[in-house]
Amino acid sequence: TDKEGHTFSVFWVLVSVVLGAIAMLCKEQGITILGLNAVFDALVINKINLLELIRKLLYKGKSLENAGLLRKGLLFRITLLMCGGAGILYIRWRIMGTGPPAFTEVDNPASFADSLFVRAINYNYYYSLNAWLLLCPWWLCFDWSMGCIPLIKSVSDWRIIALAALWFCLIGLICQALCSEDSHKRRILTLGLGFLIIPFLPASNLFFRVGFVVAERVIYLPSIGYCILFTYGFSLLSKQAKKKKILAVAVLGILLINVMRCALRSSQWRSEEQLFRSALSVCPLNAKVHYNVGKNLADKGNQSAAIKYYREAVRLNPKYVHAMNNLGNILKERNELHEAEELLSLAVQIQPDFAAAWMNLGIVQNSLRRFEEAEQSYWTAIKHRKKYPDCYYNLGRLYADLNRHIDALNAWRNATVLKPEHSLAWNNMIILLDNTGNLAQAEAVGREALELIPNDHSLMFSLANVLGKSQKYK
């Protein structure tokens, strides 16, 4: 109970903080719900006039109590929410290693621009795109990075119009929310704008760099504010409109179109192929979209089509090492070894710690019979990824080709230690020991392997050969 006798529950405020923390564990944006609670408390429960409050505090020198902030314990509740939010943020900061995650230029190119003007103008353009996706969710894409939205670098770019339209609408709504004589209108508009803007702040790049250009998930919570504003706008129009049936039909039409769009988008999310292909028409300049389409095709065995998309991904982003690695892999399998070597060599030049590319480069060099270079590539891959059983397996194959049997066995043993179910490494050990006349050792390795992988037919076959040579026919 506060000084005026108003009763409120501290317990439920604390529950709100706990639920906000749980929401943040699901997605960082969840913490903004504490700010929304404070806005709802001030505007709806306490019916505070923001403009009047600002005037009292700034110009009339009134105390917080006279300004109405202590009414019904509002200031105490807001302080509790702020302290809870600060505590949650601190814990999150410690979990993240006391620093934000590292992002690259392809994730958020505007944040890496040298000019403050270019950064500001592009951030505002991203805001306008998010606003447009709320109004008209037609351009939907699973990834908006990697050149999907080219940077605005001068005021002559026609996309500046989108910024002007956004701020014209926002300033108009803010003026109405603060200055309207109708107290109900002020509350509804302020609440709608609060629910629209506050949950979007973590994605705004204002406080820290985010790892995306546009992400549709971050406008899920702001859509609450959009719905409030849309509904209130419709109610105002319906009071003034003479032909209310036409207005009702228009709103039902908008609702029906959005339901259909939602159903279509949900069906696209049912399979990787549909999701990735749906992005081609929205973001044709996005290298990651082409990469994902190519990877999906490659996984299905359609290598010819996959090559086309991987080449396009590399053309759009000449530093896209993962696309180079996958393309090099396919070319290696098609025996186009020289082009594969060029691509993989370029990938490791761009990203020297790319272990998978080093291993694949080693495989290509081995096929080209450049054994010393292949060995060096394999060991470089292992240096950058200590636990790399596949690389040890390929290194063992190289040593076997060079008749370095002990080194081959050691490499394959390393592969099986790191990955006990590595059937190929076990099998090669058995075959090599068999071919070199070490039948007892080959049998021991075979039985050890079958204990770990009891239903592997290739291991059974190799062990059977060894047992046959040892005259253990039964």
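Trainee: How much area is buried between domain 1 and domain 2?
Mentor: About 1400 Å², with carbon and sulfur atoms giving 76%. Buried area here is the accessible area (1.4 Å probe) that two parts lose on being put together, summed over both.

Trainee: Which residues of domain 1 lose the most area to domain 2?
Mentor: Gln29, Leu36 and Leu43, which together make up 40% of what the domain 1 side buries.

Trainee: What sort of model is this?
Mentor: It is a predicted model, where local features need pLDDT of at least 70 and side-chain atom pairs pLDDT 80 or more, while totals for chains, interfaces and linings use all residues. Residues are numbered from 1 along each chain as its sequence is written, and side-chain values use heavy atoms, with hydrogens and water left out.

Trainee: Where do the domains run?
Mentor: Domain 1 is 10-96, domain 2 is 111-240 and domain 3 is 318-470. The bounds come from an automatic or database domain assignment.

Trainee: Back to the first pair. How far apart are the C-alpha centres of domain 1 and domain 2?
Mentor: 23 Å.

Trainee: And how many residues are in contact?
Mentor: 13 from domain 1 and 15 from domain 2. Contact means heavy atoms within 4.5 Å.

Trainee: How many salt bridges are there between domain 1 and domain 2?
Mentor: 0. The rule asks for a side-chain nitrogen of Lys or Arg within 4 Å of a carboxyl oxygen of Asp or Glu.

Trainee: How many residue pairs are in polar contact there?
Mentor: 2, both at pLDDT 80 or more. A polar contact is a pair of N or O atoms within 3.5 Å; within protein, one must be able to donate a hydrogen and the other to accept it, and residues adjacent in sequence count only if both atoms are side-chain atoms.

Trainee: Which elements give two or more residues to the domain 1 side?
Mentor: Helix H2 (33-45) and helix H3 (50-58). H2 has the largest share, 6 residues. Helices are DSSP runs of H or I, at least four residues; strands are runs of E, at least two; numbering starts at the N terminus.

Trainee: New topic. How many salt bridges does the structure hold?
Mentor: 18. One of them joins the side chains of Asp299 and Lys295, at 3.7 Å, N to O. Asp299 and Lys295 are separated by about one helical turn, because they are 4 residues apart in helix H11 (residues 287-299).

Trainee: What does UniProt place at residues 287-320?
Mentor: A "repeat: TPR" feature, from an unreviewed entry. That span is 79% helix and 0% strand, with end C-alpha atoms 8 Å apart. Such annotations may be inferred rather than shown by experiment.
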